[in-house]
Structures are given as structure tokens and as C-alpha cells.
Amino acid sequence: NLTKLLSEVTPNGFLYRVDHELRPEGKQGPLANSLDAAERYYQYFGQDWERQTLIRARPIAGDIALGDKFLECLTPFIYRRSVSLEDLSHMRKMKSKMEKEASLKHDAYNIKLGPGGIREAEFFVQALQQFYGGKYPKVRCNNTYDAIHRLKKESLIHPHTAQSLTDAYSFLRRTENMLQADEDLQVHRIPHKEDDLAALGRRMGFLDVNEFTDQIRTHTAQIERSFHALFEADYELQELE
């Protein structure tokens, strides 16, 4: 009933989107866990996608000190001291699966899940955080922009890559906001119809729709280059320590 109250769409809209899959044991798990129960779950059953999710986690309500303690307990799970390139391969497969699922549902470009999209940028940043977070505590943070800055400051990515990635991510996030602002729906597809595309371009500040689509291609290509440089290289498997 609580979830329904928060997320049900009414004539007046809705309050919050609630995803039951993001908590221990998903939809089958309890709405609340004790600290010990949550710690045991992640220790014995935690999955790679949950590591990535928890990188972005932060307490926002209730007992903030307890929330901080929870994340502190999970630091060894999120940021391991040693990460193999097999782990990177698993992340690549996970992203590939999401990409295929997105393409099966629709032909239009998905700005969130498509190649060079929002999720690909986040995967790139989070992979570097997971790789280096065990050794470089300063790269541990839950904000993508902050993470890019910290990775640059620790000389783990080139300043040019950091700036290009920041610009591209900002552009795509703003495009996502303009897409969803139209009808207050969680949509991520670039419109096929010329009028709808032109309207989106105007909301983004472009009078020329071709200039707008060129910018999309430029920014997604930059993200895709960074992503493939990390995930598609023919590495020899070795331990990163």
C-alpha cells in the first residue's frame, strides 16, 4: 500500500518511482532489513550489479548516521582490494545484455541504454571506481560528475577524457530531462517524427534540428569511444592490485 501510494499514476501525476528490485532479495524481500541481515546478504549473495548500484547510494532520510554506517559496512563489498579483468568482462556482458534488450523493444535510439548513452557513461565511470576504489579511497563517491573529477585528479583518466565525458553526460542528462518534461513520463527514446524531434531540439535550445542531432551523435560517440577503450580491448587476464 505504501509503494502504491508513492508510485501510482493519478490524474495529478505521481510522487516517486519505487523499484522493488533494488533491495535485498528484490520483490520477495522485506521492505526493511536489520543492519546485520543486510550485511550478511551482500556478503554471501551480493551480485556485481548491486556493487554498481551501491556506488551511487546515499542516505537521504530517517537515521542518516545509520545509513552512513550501513554503507561503511559494505565498503569491502563495493570496493574490493583486488579486481580481476574477468570482473570487467562480466560488467561488459551485463551492459551488452541491457543494450540488446533496449534494441529489441524499439528501433528508436534509447538515450539511456543505447550505445554511447547515459548508462554507458555511468558504466565506464563506475568500472574505474571499482577497479581503483580499493587502492584509492578518494575516488569513492556517489556522484558521477564528482567521480570523473576525482579520477582525473588521481591521474586515472586523462583531463581531455574527463572534460569530454562531463560535457557528453551533461548534454544527455539534460536531453533526458527535456524528453520526460513533455508528458511527465519515464521515456528515453529520441522521437522519430520530425515535428516531435524539432520540438525536443527547441527545448534543448536548438533552432536547427540537424544541429541538435549532430550534437547527440558527437556526444554519444565520445562516450562510446571511452567505453570501448576500457571494455573492448583484448586484454590478457591478470589481477589488478
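**Entry 1: L5 and the surface**

I looked up L5 and found it exposed, with a relative accessible area of 63%. The model I am reading is a predicted one. L5 lies in helix 1, which covers residues 2-7. I then asked which residues form a nonpolar patch on the surface with L5. They are L2 and L31, and together with L5 they have about 360 Å² of accessible area.

**Entry 2: G133**

I turned next to G133, which sits in the loop between helix 7 (118-132) and helix 8 (144-153). Is G133 buried or exposed? I found G133 buried, at a relative accessible area of 0%. I listed what G133 touches, leaving aside residues up to four places away in sequence: Y79, L128, V139 and R140. I also checked the spacing between G133 and Y79. In sequence they are 54 residues apart, while in space their C-alpha atoms are 5.3 Å apart.

**Entry 3: Salt bridges of E122**

I searched the whole structure for salt bridges and obtained seven. I followed E122 in particular. Its side chain meets that of R56 in a salt bridge, at 3.2 Å from N to O. E122 belongs to helix 7, whereas R56 is in the loop between helix 3 (48-55) and helix 4 (64-73), so this pair ties together parts that are 66 residues apart in sequence. I compared the accessibility of the two partners. E122 counts as buried because its relative accessibility is 1%, under the 20% limit. R56, with a relative accessible area of 32%, is partly exposed.

I noted a further salt bridge of E122, with the side chain of R119, at 2.2 Å from N to O. Both residues lie in helix 7, three residues apart, or about one turn of the helix. An α-helix has 3.6 residues a turn, so residues three or four places apart point the same way.

**Entry 4: D214 and the network**

I looked up D214 and found a salt bridge with R217, the closest N and O atoms being 2.5 Å apart. These two residues are both in helix 11 (residues 209-231), with a separation of three residues, about one turn of the helix. D214 counts as partly exposed, at 37% relative accessibility. I then asked which residues are joined into one network by salt bridges that share partners. They are R56, R119, E122, R173 and E176.

**Entry 5: Helix 9**

I checked the length of helix 9, residues 159-181. At 1.5 Å a residue, its 23 residues should span 33 Å, and the end C-alpha atoms are 33 Å apart, which agrees. I recorded the buried residues of helix 9, among them A162, L165, A168, F171, L172 and E176. Where does their cover come from? What covers the buried residues of helix 9 includes helix 7, helix 8, helix 10 (194-203) and helix 11.

**Entry 6: K112**

I closed with K112, in the loop between helix 6 (85-105) and helix 7. K112 is buried yet has no salt bridge. Which side chain of opposite charge is nearest to K112? I found E176, at 5.2 Å, whereas a salt bridge would need a nitrogen within 4 Å of a carboxyl oxygen. E176 is nevertheless among the residues that K112 touches, along with G117, I118, R119, E120, Q186 and H188, residues up to four places away in sequence not being counted. I note that R119 and E176 also appear in the salt-bridge network of Entry 4.

Technical notes. Residues are numbered from 1 along each chain as its sequence is written. This is a predicted model: local features need pLDDT of at least 70, side-chain atom pairs count only at pLDDT 80 or more; totals for chains, interfaces and linings use all residues. Side-chain values use heavy atoms; hydrogens and water are left out. Patches are made of residues with over 30% relative accessible area and no salt bridge: like charges are joined within 9 Å, nonpolar side chains (Val, Leu, Ile, Met, Phe, Trp, Tyr) within 5 Å. Accessible areas come from the Shrake-Rupley method with a 1.4 Å probe; for residues, only the protein chains shown count as cover. Helices (H or I, at least four residues) and strands (E, at least two) are DSSP runs, numbered from the N terminus. Buried means under 20% relative accessible area, exposed over 50%, partly exposed in between (1.4 Å probe, protein chains only). Contact means heavy atoms within 4.5 Å. The expected span of a helix is 1.5 Å times one less than its number of residues. Lys and Arg count as positive and Asp and Glu as negative; His and the chain ends are not counted.
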